[in-house]
Amino acid sequence: MKLQGITANFAEANVDSLAVAVFKNEKATTAGLKELDKLTGGLIAAMMRSEGFNGEKNETALIRFVPKGAVKAGRLLLVGVGDEKAYNGPGVAAFVGTATRFLRKRDSKSIAVLPRLSGSAASAAQYAAQGFITSQFELDKYKTKDKLAKSVDSLTVCIDGAKPADVKNGIARGKAIGESMNFTRDLANEPPNILTPTEMARRAQAMAKETGLKCEILTEAQMEKLGMGSLLSVTKGSEQPAKMIVLRYEPAKSTGKKGELLALVGKGITFDTGGISLKPGEGMDAMKYDMSGGATVIGAMRAIALIKPTVPVLGVVAAVENMPDGKASRPSDVVTAMNGKTIEILNTDAEGRLILADAVAYAEKQGATRIVDMATLTGAVIIALGGHNTGIMGNDQALVDEIIACGKETGEGYWQLPLGKEYSADIRSDIADIKNIGPRGKAGTIMGAVFIEEFVDKAKWAHLDIAGTAWADGVKPHQAKGPTGVAIRTLVELVERSQ
Ligand code: BES
Ligand code: MN
Ligand code: ZN
């Protein structure tokens, strides 16, 4: 794919189609549209009149056969972006994504976009590039014919009067983030017979080699030595050996505070049957996405390796399959985690927290002072927040607030749920230190979080429950249905703010 920026003479861009962002209730006579309207002989004004095009979000109007000469592109696409005051970087990504998906259906191979975002040109270029790339992801990898999508191969981002270097840098960052989101989405979409824990580790390793990250894969024997009895209890029913994927980004020159280390930790359950506490058959297929937290860590580390911030980042993924078997863990088993705490397993389907317990403890042992874990941890978060917000909880309000702020900036919603002693008391076990479930039907998402909290010692920690946001059930104008790559943009922003 070819991505480039231009900073003047947009009408001369030699592309199949030109897409223009149009604000709600905007007239063709505003400063931003006037020139284009004139060049097209008043076609924009005519379109707004005849089609009632109003600039509402995701509204589209295609003007075919733009008179040759004035504008080089053969088609002009108007895309509504809503209220001008609320328009921002994520709005640019949605605009470019919508335009790309619309035009690729109509055989455009090269497009130019006019995002019309006031303020930072680098930011506009970044979101344009990211939106272009993520909008073209499709679920058709395993189709041998009737692939869903053609592709748009070339994007030209037009930002009037910008510094060419800003646009170029923005595009490079957006490309790194967008391609990394698609990398994560591809992993999340893989069937579990193909993406086993071993294969997930292999892909992380190959990515690390390409991008210059350090990568270490811990085997079950090594995890045994480290005392990870909680994680290992989950893999016992599986023929597939568990892997702990450890990725390290170390900057050439660090500007971070000495001794500070941010760790990203992910749940990588490559398939969740529930184990002996078997899930119902209906809908179980969805549980191939139960490694989305781990895939998010791998994708975020990829983006970080390419963007090269000046602070170190550690990535830890617990890759495990949860299966029922004669060797599988039973409800009522007691196991000991790496930090010495004993756990009564009362439901083998609450397995995510069991693997994260040892993964966060391992991250802290590796020197992490701030830990963000992400996991498709509970069905309860889907009931509470649906698909529009990720549940966030943590032991440090400043870290939680910072992640929420990074999400606001990058267009990803978070909603905080409370933690506290009263909730922690709900997972006290009668016979061990803690049990892996709380009271039936009560605060399921919080129960998952307070469990993981027991394995964080001194580090500042936040937990993202992405069960509702990692997979989109329907197609959107700018995005295919399926895995979303949620949280990567937030995490990259978080790392950059720590520099
Ligand atoms: N991976 C699931 C969470 C999940 C469930 C995500 C449904 C999406 C849809 C997790 O491992 C799980 O099974 N959680 C249980 C916990 C319960 C047994 C305490 C749940 O949410 O039902
Ligand atoms: Mn489960
Ligand atoms: Zn699970």
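**Exercise 1. In this predicted model, determine whether Lys279 and Asp272 are buried or exposed, and identify the contacts in which Asp272 takes part.**

Solution. Begin with accessibility: Lys279 and Asp272 are both buried. Next, consider the charged groups of the two residues, whose closest N and O atoms are 3.8 Å apart; because a salt bridge requires such atoms to be within 4 Å, the pair of Lys279 and Asp272 qualifies as one. Finally, turn to the metals, where Asp272 coordinates both the zinc ion (ligand 3) and the manganese ion (ligand 2), which are 3.2 Å apart.

**Exercise 2. Describe the site of the zinc ion (ligand 3), stating which protein residues are its donors and where Asp290 and Glu351 lie.**

Solution. First list the protein donors, which are Lys267 through NZ, Asp272 and Asp290 through OD, and Glu351 through OE, at 2.0 to 2.4 Å from the zinc ion (ligand 3). Then examine the geometry: the site has six donor atoms, with angles of 78 to 173° among them, and is octahedral. Along the chain, the donors follow the spacing K-x4-D-x17-D-x60-E. Asp290 belongs to the loop between strand E9 (262–272) and helix H9 (292–307), while Glu351 belongs to the loop between strand E12 (342–345) and helix H10 (352–365), so this pair ties together parts that are 61 residues apart in sequence. As for accessibility, Asp290 counts as buried at 1% relative accessibility, and Glu351 likewise counts as buried at 1%.

**Exercise 3. Among the salt bridges of the whole structure, analyse those that involve residues of helix H15, and name the residues linked in a network.**

Solution. A search of the whole structure gives 25 salt bridges. As a general point, side chains of opposite charge can pair when their charged atoms come close. Take Arg173 and Glu496, whose side chains meet in a salt bridge with an N to O distance of 2.6 Å; Arg173 is placed in helix H5 (residues 164–189) and Glu496 in helix H15 (residues 488–497), so the pair ties together parts 323 residues apart in sequence. Arg173 counts as partly exposed, its relative accessibility being 23%.

Continue with Glu412 and Arg489, which form a salt bridge at 3.8 Å, N to O. Here too distant parts of the chain are linked, since Glu412 sits in the loop between helix H12 (397–410) and strand E15 (414–416) and Arg489 in helix H15, 77 residues apart. Glu412 is buried with a relative accessible area of 7%, and Arg489 counts as buried at 15% relative accessibility. To complete the task, note the network of salt bridges that links Lys141, Asp186, Glu190, Glu199, Arg202 and Arg203.

**Exercise 4. Locate Asp465, and establish which side chain of opposite charge is nearest to Asp465 and which side chain joins Asp465 in a polar contact.**

Solution. Asp465 is found in strand E17 (residues 460–465). Although buried, Asp465 has no salt bridge, and the nearest side chain of opposite charge, that of Arg353, is 7.1 Å away. The side chain of Asp465 is nevertheless joined to that of Thr378 by a polar contact of 2.7 Å. Beyond four places in sequence, the residues touched by Asp465 include Ala375, Leu377, Val381, Met393 and Thr445.

**Exercise 5. Place Thr7 in the chain and describe its surroundings.**

Solution. Thr7 falls in the loop between strand E1 (2–6) and strand E2 (17–22). Apart from neighbours within four places in sequence, Thr7 is in contact with Ile159, Asp160, Gly161, Ala162, Pro164 and Val167. Ala94, by comparison, is 87 residues from Thr7 in sequence and 21 Å from Thr7 in space, C-alpha to C-alpha.

Definitions and conventions: Residues numbered from 1 in each chain as written. Chains lettered and ligands numbered in written order. Predicted model: local features only at pLDDT ≥ 70, side-chain atom pairs only at ≥ 80, totals over all residues. Heavy atoms only, no water. Donors = N, O, S within 2.8 Å, 3.2 Å for Na, K, Ca; no water. Tetrahedral: all angles 85-135°; square planar, octahedral: opposite > 155°, others 65-115°. Helix = DSSP H or I, 4+ residues; strand = E, 2+ residues; numbered from the N terminus. Buried < 20%, exposed > 50% of the residue type's maximum accessible area, 1.4 Å probe, protein only. Contact = heavy atoms within 4.5 Å. Lys, Arg positive; Asp, Glu negative; His and termini not counted. Polar contact = N/O pair within 3.5 Å; in protein donor to acceptor, adjacent residues only side chain to side chain.
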